[in-house]
Amino acid sequence: MQKDNKPRDYINKQPTVALLLGTMAHRRITNTFKGIEPRYNAYVVSAQNTYPTGGDLGFPEKKCTTLSDITKHIPKIRHNISWDLKHYTFGIESALADADAVISHSIDALYAYQATLYCEKREIPSIIQEVTLIPLLHLGSRYYKYREKTISSAKYIIAVTERAKITLELEGVPSDKIRVVPFGIDTEMFNPNVSTVGVRESLGLSEEDIVVLYVGNIHWEKGLYDLLNAAKLLSDDPTVKKRRLRFVLFGSTGAASEELRKRISYFGLSEQFILPGAIDYDKLPPIYASSDMVVLASIPGKVVLESAPLVLLEAMASGVPVIGTYCGGIPEILGNDGILVQPADTISLRDAIKQLAIDSEYRRELGSAGLARIKRLHDSRIVSAQYADILDEARS
């Protein structure tokens, strides 16, 4: 029998994992690890300024200062700093001092590179959770060199989809270094049985309205203009007209939102569209449960590709039917338990929305199928157990 040279107190204590999220600290990410604590103590290392609508992270936090925190209120600087550099984190060694292993979200964030160097020095495993679907995106830049170092030093890289795994393999990452573990969903938080009393009324909706919901950033790449075009076509459809379709788009306000409002007004659809702005994460469950369908009509961009949209998983966990596009990781998220259409295909998107709008039984069937998929593959208790297994393997 091989002798274990580790000190006895190290063997007996419950190990601790640091979840390094920086400015991306959000309940959407930390929900994946809900349920890991029976086997691992866990805490989050976040930035001073994170998503204001992210809600309670569910774990103890250690806050560090990032370049994004410093430049946030300096317009001339903040728009000229690359995404990667914004995530450079000060005091990271102190924040990770209690960790026996580190899980960093996103290879491209500079804090993942910083954690790599620290883990090498302390001889503890560095594990990366990766979502990127565009191979060699920053090839030739100095940041790609940081990415290469982070990849080579990591004990394991956890791809959240099979497509993310293929992206890593195209970059030359050995297959045996990659594990595929999806995002997890808190099914206690998102479920069909949450109270929806007063939700529609608060949005100016009636119980008879057919509500088409979108949750996310107001960006062109999210296919919102295709959704608007489909809504215009549906507004002239006599079969759908009598059902009173209402489109509710939750997302941050700003220039992109104003441009979208102008187009809505031009089409004469201001009565059909509601743009309430951003919403706190903790308020989302009854919003999903009050809707009749959730649509994410994303389209590919040169440097942006939808990875594993958690809004679709949250909607499915709420028993709501979803419509997505053949874009990035969306087909893998939906499988056969949602409706998929081609990106930028207004006609197919119109037909999919119409199909759900006029057929309540189909809505129920598809919603039930999506819910079953979440319980089978994405429940955070199932997913966090997979992470705990990987951590055990990494530390052995």
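Two residues are in contact when heavy atoms of theirs lie within 4.5 Å. By that criterion, 72% of the contacts in the protein with a separation of 6 or more are made by residues 24 or more positions apart. The structure is a predicted model, and what follows goes from the whole chain to single strands and then to a few individual residues.

The protein has 396 residues, and for that number a compact globule would have a radius of gyration near 21 Å; the value for this protein is 22 Å, which agrees. Along the principal axes, the C-alpha trace spans about 75 × 50 × 40 Å. Buried residues make up 54% of the 396. The accessible surface comes to about 17,800 Å², and carbon and sulfur atoms contribute 50% of that area. Among the side chains, 47 are positive and 48 are negative, with the centres of the two sets 2 Å apart.

The secondary structure consists of 19 helices and 14 strands. Of the strands, 8 form an open sheet, in the order β4-β3-β2-β1-β5-β6-β7-β8, with mixed pairing. At the edges of this sheet are β4 (89–90) and β8 (178–180), each of which pairs on one side only. Strands of a sheet pair through backbone hydrogen bonds, and the pairing may be parallel or antiparallel.

The stretch of the sheet from β1 to β6 through β5 can be followed residue by residue. Strand β1 covers residues 16–22 and strand β5 covers residues 101–105; the two run parallel and are joined by 4 bridges. Within this pairing, Val 17 has Ala 101 as its bridge partner, and Leu 20 stands opposite Ser 104. On to the next strand, β5 and β6 also run parallel, joined by 4 bridges. Here Val 102 stands opposite Ser 126, while Ile 103 has Ile 127 as its bridge partner.

How many of the residues of β5 are buried? The count is 5 of 5. In a regular strand, side chains alternate between the two faces of the sheet. In β5, Ala 101, Ile 103 and His 105 point one way, Val 102 and Ser 104 point the other way, and all are buried. Strand β6 likewise has 5 of its 5 residues buried. From β6, Ser 126, Ile 128 and Glu 130 point one way and Ile 127 and Gln 129 the other, and all of these are buried. The buried residues of β6 thus include Glu 130 and Gln 129, and those of β5 include His 105 and Ser 104.

Another pair of strands occurs later in the chain. Strand β10 (residues 245–250) runs parallel to β11, and 3 bridges join them. Strand β11 spans residues 273–277, and 4 of its 5 residues are buried. Opposite Gly 277 in β11 stands Phe 250.

Helix α14 (residues 284–289) contains Ala 289. Is Ala 289 buried or partly exposed? Its relative accessibility is 25%, so Ala 289 counts as partly exposed, since buried means under 20% and exposed means over 50%. Leaving aside neighbours within four places in sequence, Ala 289 is in contact with Val 194, Thr 196, Ser 318 and Val 320. A further residue, Val 240, is 49 residues away from Ala 289 along the chain, and the C-alpha atoms of the two are separated by 22 Å.

Two loop residues have a backbone angle worth locating in the model. Leu 136 is found in the loop between β6 (126–130) and α8 (142–153). Its phi is near 55 degrees, a positive value in a residue other than glycine. With a relative accessible area of 34%, Leu 136 is partly exposed. Ala 344 lies in the loop between β14 (339–341) and α17 (346–358). Ala 344 is not a glycine, yet its phi is positive, at about 60 degrees. The relative accessible area of Ala 344 is 52%, so this residue is exposed.

Conventions:
Residues numbered from 1 in each chain as written. Predicted model: local features only at pLDDT ≥ 70, side-chain atom pairs only at ≥ 80, totals over all residues. Heavy atoms only, no water. Rg over C-alpha atoms; globule rule 2.2 N^0.38 Å. Buried < 20%, exposed > 50% of the residue type's maximum accessible area, 1.4 Å probe, protein only. Areas by Shrake-Rupley, 256 points an atom, 1.4 Å probe, with all protein chains shown as cover. Lys, Arg positive; Asp, Glu negative; His and termini not counted. Charge placed at Lys NZ, Arg CZ, Asp CG, Glu CD. Pairing = 2+ DSSP bridges.
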